[in-house]
Amino acid sequence: MGYFRRNIENAKGYEPGFQPSFAEATEGRPKETNVVKLNTNENPYPPSPQVLKALAEIQPEQLRRYPDPMGSTFREAAAKVNGVQPDNIMCCNGGDELLRMALQAFCDKNRPVAYPVPTYSLYPVLAKLQNCKPIEIPFDNEFNLPAKLAGTGAALTIVCNPNAPSATFISVEELASLADELSGVLLIDEAYVDFAENNCVSLVKDFDNVIILRSMSKGYSLAGLRFGYAIAQPDLIAGLMKVKDSYNVDSIAIALATAAIKDQQYFKETIEKVEAERSKLTEQLGKLDFDVPDSQANFVLAKCKNAKADEVYEKLTQRNIYIRYFNYPELKDKLRIAIGTPEQNDKLLSALKEILSEFG
Ligand SMILES: Cc1ncc(COP(=O)(O)O)c(C=O)c1O
């Protein structure tokens, strides 16, 4: 076409997991009600009742006026929950927006981004859009932090922790050493940290080059709202603010995300339910001849020992059970499965039993 910058013209764009329609069957696809949707790591439980109450209380005036550009009510609530100050927090339109902002703020043609692979497939897409070189350092089979990551000279290093799609966790001590060794910024993508045994927020106090990414999509069941936030020292937050849209989070999203993060009791109960199902699913998949390492996220990465992962994926899809398969060399024999409700997980397991029996 020739209208676009060359890197945009050549970019493939991010491929999100399939989102079935809520209302009606479209393009021959089934209604959501018939679907077991375990492909985009959503929380299977609804958001806090406080969120729905806040939604019902939205006033027309909140729509007429522009939103608070800083999302101050959320900043204050998130600061309290994380034991930091409001000026350590920046609201964003989902964690994905923070990733885009970070690439825009720190990277260009001469300032590469580095990250271990396999990981969240949005990173290389954003690198391409920003026209910066992605330095991809392979994880070993156990997804340990690659030593080489410290020496890339990248302007921005991203570590997804817990990592997607492996659901593995790198210790806070190892990431502290990495932050210390790097000359550039270390962004720790904690989109799934609500389901992990620890988190890296303490590093923000000690390191002026650490940014923590948090998402309200997973632990707080608000993927449809599009809300996330950064935690970092005030100088980094102030720099990132320069690249954000003035009104990047809307008034309704600020009110609802604030209600969600304030209801810590509901949040903890939901996390416990997901974690209990995660243990059950891990055990059951193990009995079905999958290799399932312990997960620190709301999904598992199951290795098919005696069946072809892509065929299992196709057969599940035919039964309206959606999970994720990545056609990359290191992931070819694996399936990523989000933790669902007990009913959804039971449907998945009985379908898998049938499918695996077909493989003999
Ligand atoms: C590793 C990782 N980081 C960040 C995000 C962004 O989440 P959101 O934009 O929904 O907050 C996702 C979403 O799936 C993710 O998997």
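User: What does the lining of the second largest pocket look like by class?

Analyst: In this predicted model, that lining has 17 nonpolar, seven polar and six charged residues. The pocket has a volume of about 780 Å³, and 30 residues line it. Those nearest its centre are Lys-12, Glu-15, Ser-121, Arg-324 and Tyr-328. Lys, Glu and Arg count as charged, Ser as polar and Tyr as nonpolar, so each of the three classes appears among these central residues.

User: Which elements supply that lining?

Analyst: Strand 3 (113-117), helix 6 (122-130), strand 4 (134-138) and helix 12 (309-318) each give at least two residues. Helix 6 has the largest share, with three.

User: Let's turn to the ligand. Which residues are around it?

Analyst: The shell consists of Gly-94, Gly-95, Asp-96, Tyr-120, Cys-160, Asp-189, Ala-191, Tyr-192, Ser-215, Ser-217, Lys-218 and Arg-226. By class it divides into four nonpolar, four polar and four charged residues.

User: What makes the approach of Gly-95 to the ligand a polar contact?

Analyst: A backbone N or O atom of Gly-95 lies 2.6 Å from a ligand oxygen. The cut-off for a pair of N or O atoms is 3.5 Å, so this pair qualifies. The same test works for Asp-96: one of its backbone N or O atoms is 3.0 Å from an oxygen atom of the ligand, so that pair is also a polar contact.

User: How do you know that Tyr-192 belongs on the list of contacts?

Analyst: Here the side chain does the work: one of its polar atoms lies 2.8 Å from a ligand oxygen. That value is within 3.5 Å, so Tyr-192 makes a polar contact too. As for cover, the ligand taken alone exposes 400 Å², and the protein buries 92% of that. A small caution on labels: Tyr counts as nonpolar in the class scheme, although Tyr-192 puts a polar side-chain atom next to the ligand oxygen, at 2.8 Å.

User: Why is the other void called a cavity and not a pocket?

Analyst: The word cavity is kept for space where a 1.4 Å probe fits but cannot get out, whereas a pocket is open. The structure holds one cavity of 30 Å³ or more. The largest cavity has a volume of about 50 Å³, which is over that limit of 30 Å³.

User: What lines the largest cavity, and which helix gives the most?

Analyst: Its lining is Pro-47, Ser-48, Val-51, Gly-219, Tyr-220, Ser-221, Ala-260, Asp-263, Tyr-266, Phe-267 and Thr-270. Helix 11 (residues 264-287) gives the most, with three residues. The lining divides into six nonpolar, four polar and one charged. Asp counts as charged, so Asp-263 is the charged residue here.

User: What makes strands 10 and 12 a pair?

Analyst: Five bridges join strand 10 (residues 299-304) to strand 12, and the two run antiparallel. At least two bridges are needed, so the pairing holds. Within it, Ala-302 stands opposite Leu-335 of strand 12. The open sheet follows the order 9-10-12.

User: Why are strand 9 and strand 12 called edge strands?

Analyst: Strand 9 (290-291) and strand 12 (334-338) each pair on one side only. Residues 290-291 also meet the minimum of two residues for a strand, so strand 9 counts as one.

User: Where are the unusual backbone geometries?

Analyst: The peptide bond from Asn-161 to Pro-162 is cis, with omega near 0°, and the bond from Ala-164 to Pro-165 is cis with omega near 10°. Pro-162 sits in the loop between strand 5 (156-160) and helix 7 (172-181), and Pro-165 is found in the loop between strand 5 and helix 7 as well. Phe-143, in the loop between strand 4 and strand 5, has a positive phi of about 60° without being a glycine.

Technical notes. Residues numbered from 1 in each chain as written. Predicted model: local features only at pLDDT ≥ 70, side-chain atom pairs only at ≥ 80, totals over all residues. Heavy atoms only, no water. Near = heavy atom within 4 Å. Polar contact = N/O pair within 3.5 Å; in protein donor to acceptor, adjacent residues only side chain to side chain. Areas by Shrake-Rupley, 256 points an atom, 1.4 Å probe, with all protein chains shown as cover. 1 Å grid on protein atoms, 1.4 Å probe; cavity = no way out; pocket = protein on both sides within 12 Å on 5 of 7 lines; lining within 4 Å. Points joined across faces, edges and corners; volume = space filled by probe spheres on them. Helix = DSSP H or I, 4+ residues; strand = E, 2+ residues; numbered from the N terminus.
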